[in-house]
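Open your viewer and get ready to click along. This short tour tells you what to select at each stop and what you will find there.

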Amino acid sequence: MFSWSNKDGKKKDPELFQTVSDGLKRLYKTKLFPLEDAYRFHDFHSPALEDADFDNKPMVLLVGQYSTGKTTFIRHLMEQDFPGMRIGPEPTTDSFIAVMHGDQEGLVPGNALVVDPKKPFRKLNAFGNAFLNRFVCAQMPNPVLESISIIDTPGILSGEKQRISRGYDFAAVLEWFAERVDRIILLFDAHKLDISDEFSEVIRALKNHEDKMRVVLNKADQIGTQQLMRVYGALMWSLGKIVNTPEVIRVYIGSFWANPLLVADNRKLFEAEEQDLFRDIQGLPKNAALRKLNDLIKRARLAKVHAYIISALKKEMPNMFGKDNKKKELIANLGEIYIKIEKEHQISPGDFPKLAKMQEILAGQDFSKFQPMKPKLIEAVEDMLANDIAKLMTLVRQEEANMPSHSVQGGAFEGTMNGPFGHGYGEGAGEGIDELEWVVARDKPTYDEIFYTLSPVNGKVSGAMVKKEMVKSKLPNTVLGKIWKLADVDKDGFLDDEEFALANHLIKVKLEGHELPGDLPEHLVPPSKRGM
């Protein structure tokens, strides 16, 4: 149990939270929601949050143009077909499909889905039947889905006609999901990097969620190394024009399906990239509470700024005559109101909502129904941000510590963990792990020639003599120091011929781009030292 009481000494019941999810729900309902409700936050920005938004499993949103391999990617992760799945070179997925865990396999249509209080989709009913007819939930028993849920989206097409024919605001739906998911994966096909107008609009709609974004350059096995370098450069250039951020979005290169590689030259690169992406996805359940906490903080900051804007507009409105003209004037001068609020309340410009979108929504609002400034509501949110959130952070760390092994299991994730096909098995410091002969012995005659030029005494050379030889590798002293520590197996400050050969083997491992082990693996211990 986790508890605290307010610091000012007033009599107030202490907050008692069993879990982070429980704490977030209580804080939202008691401190943030009253502010949102008073200043009509939900009409401008995002619908109110419900219990399911705090309780649901981490979600991964897949976005991309048609035929980039989104559906195949999901099938690859789960190693199983899911209900409603269609794969083909033409635009096949025409619906949003929420792939979730269930005891029995089946499809739940959108209209039934948005009335289920246990699912975090109830607020999607605002997008109407045109969207709900294109939204389903595919439920199935699968170990991967016990930890995460995956949202498959319709392939993005090019051309104005396709955007109009959807019948609902595609970018707005994606923005709704982006606020609630833990990871957004943008998929690109290595053969067609042209980013359509609709895709550009979608990526811009995902702005403010760059921290959740990852990019996958899929089908990379279908082109050679030289072409792949050019395609990667072109992708980064295209993304740089759309995603206006100084940080570079992480791009994973590979072929995310179970078929043989067409061009196997880059197998090691694809394996390493897949491993990194899998690690990123596997960490989502452990970091889910922290993500929800972070999203609530972002929401609270926006709600505060929104309250200042609405109350400022209310203050400027006349009581009797000229309301329409004053409303038009205030909307036109909204940028100046932003600057005034920014200076008066010391708010960062990045916390303000987009000016054009705010002006568009304000045009349809009745300013006479706006609320004046209510300091108590603002103070409650400020107290939540200053005290409650900081203390809830401690509970987040406690929950993380209590579930160190809580990660996504099953499906393709199992194939990367065990046996000789685990990442790095038999490579670098793991080379020779299954061999009877000491792997260093292969090159030991070459190392021995160098060893005996160092004038060993009693079969050993000093650290000073070894240093002169090791620095020729041009590796940093910090790395060479670690290699020395691993190679000096008997810890006597000298190296014999076997230890010297081991040191050179580890230098070779590092120069080939592999990481050094924290402790010397058993198969690398020199034969004469194995009884120690």
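The stops below run from the whole chain to single residues.

**Before you start**

This is a predicted model, in which local features need pLDDT of at least 70 and side-chain atom pairs count only at pLDDT 80 or more, while totals for chains, interfaces and linings use all residues. Residues are numbered from 1 along each chain as its sequence is written, and side-chain values use heavy atoms, with hydrogens and water left out.

**Stop 1: the whole protein**

Show everything as a cartoon. The C-alpha atoms fill a box of roughly 105 × 65 × 45 Å along the principal axes. You can trace 20 helices and 12 strands; these are DSSP runs numbered from the N terminus, with helices being H or I of at least four residues and strands E of at least two. Of the 532 residues, 48% count as buried. Here buried means under 20% relative accessible area, exposed means over 50%, and partly exposed lies in between, using a 1.4 Å probe and protein chains only. Among contacts in the protein with a separation of 6 or more, 77% join residues 24 or more positions apart. A contact means heavy atoms within 4.5 Å.

**Stop 2: the nonpolar cores**

Nonpolar side chains tend to be buried together in soluble globular proteins. A nonpolar core is a set of buried Ala, Val, Leu, Ile, Met, Phe, Trp, Tyr and Cys residues joined through side-chain atoms within 4.5 Å. Select Phe96, Phe121, Phe177, Leu186, Phe188 and Leu217: of the 49 residues in the largest core, these touch the most other members. Helix 8 (residues 170–180) gives this core its largest share, 6 residues.

Now centre on Leu217. Which residues is Leu217 in contact with, leaving aside its neighbours within four places in sequence? They are Phe188, Asp189, Ala190, Leu193, Leu228, Val231, Tyr232, Leu235, Val251, Tyr252, Ile253 and Gly254.

For a second, separate core of 47 residues, select Tyr28, Phe41, Val305 and Ile347, which are among its members.

**Stop 3: helix 4 and its surroundings**

Select residues 70–78, which form helix 4; 8 of its 9 residues are buried, so it is largely enclosed by the rest of the structure. The buried ones are Lys70, Thr71, Thr72, Phe73, Ile74, His76, Leu77 and Met78. They pack against strand 3 (59–64), strand 4 (96–101), strand 6 (135–140), strand 7 (149–152), strand 8 (183–189) and helix 11 (267–282).

Next, look at the backbone on either side. Most residues other than glycine have a negative phi. Just after helix 4, Glu79 takes a positive phi of about 55 degrees. In the loop between strand 3 and helix 4 you will find Ser67, whose phi is also positive, near 65 degrees. Is Ser67 buried or exposed? Its relative accessibility is 19%, so Ser67 counts as buried.

**Stop 4: helices that cross**

Helix axes here are lines fitted to C-alpha atoms over the stretch in contact, and angles run from 0 to 180 degrees between N-to-C directions. Begin with helix 8 and helix 9 (residues 197–205), whose axes come within 9 Å and cross at roughly 35 degrees. Phe170, Ala171, Leu174 and Glu175 of helix 8 meet Glu198, Glu201, Val202 and Ala205 of helix 9.

Move on to helix 12 (residues 284–316) and helix 14 (residues 334–345). Their axes come within 10 Å and cross at roughly 115 degrees. Helix 12 and helix 14 are therefore roughly perpendicular, a term for angles of 65 to 115 degrees. From helix 12, Tyr308, Ile309, Ala312, Leu313 and Glu316 make the contact, and the partners in helix 14 include Leu334, Ile337 and Tyr338.

Stay on helix 14 and add helix 15 (residues 355–362): these axes come within 10 Å and cross at roughly 115 degrees. Leu334, Gly335 and Tyr338 in helix 14 meet Leu355, Met358, Gln359 and Leu362 in helix 15.

**Stop 5: the annotated regions**

Select residues 443–531, covered by the annotation "domain: EH" in an unreviewed UniProt entry. UniProt annotations may be inferred rather than shown by experiment; positions follow the numbering used here, and feature names are shortened. This span is 49% helix and 7% strand, with its end C-alpha atoms 23 Å apart.

Then narrow the selection to residues 475–510, listed by UniProt as "domain: EF-hand" (unreviewed entry). Here the chain is 69% helix and 8% strand, and the end C-alpha atoms lie 9 Å apart.

Finish at Lys491, in the loop between helix 19 (477–487) and strand 12 (494–496). Lys491 has a positive phi of about 55 degrees although it is not a glycine, and Lys491 is exposed, with a relative accessible area of 55%.

Note on methods:
Parallel < 35°, antiparallel > 145°, perpendicular 65-115°, else oblique.
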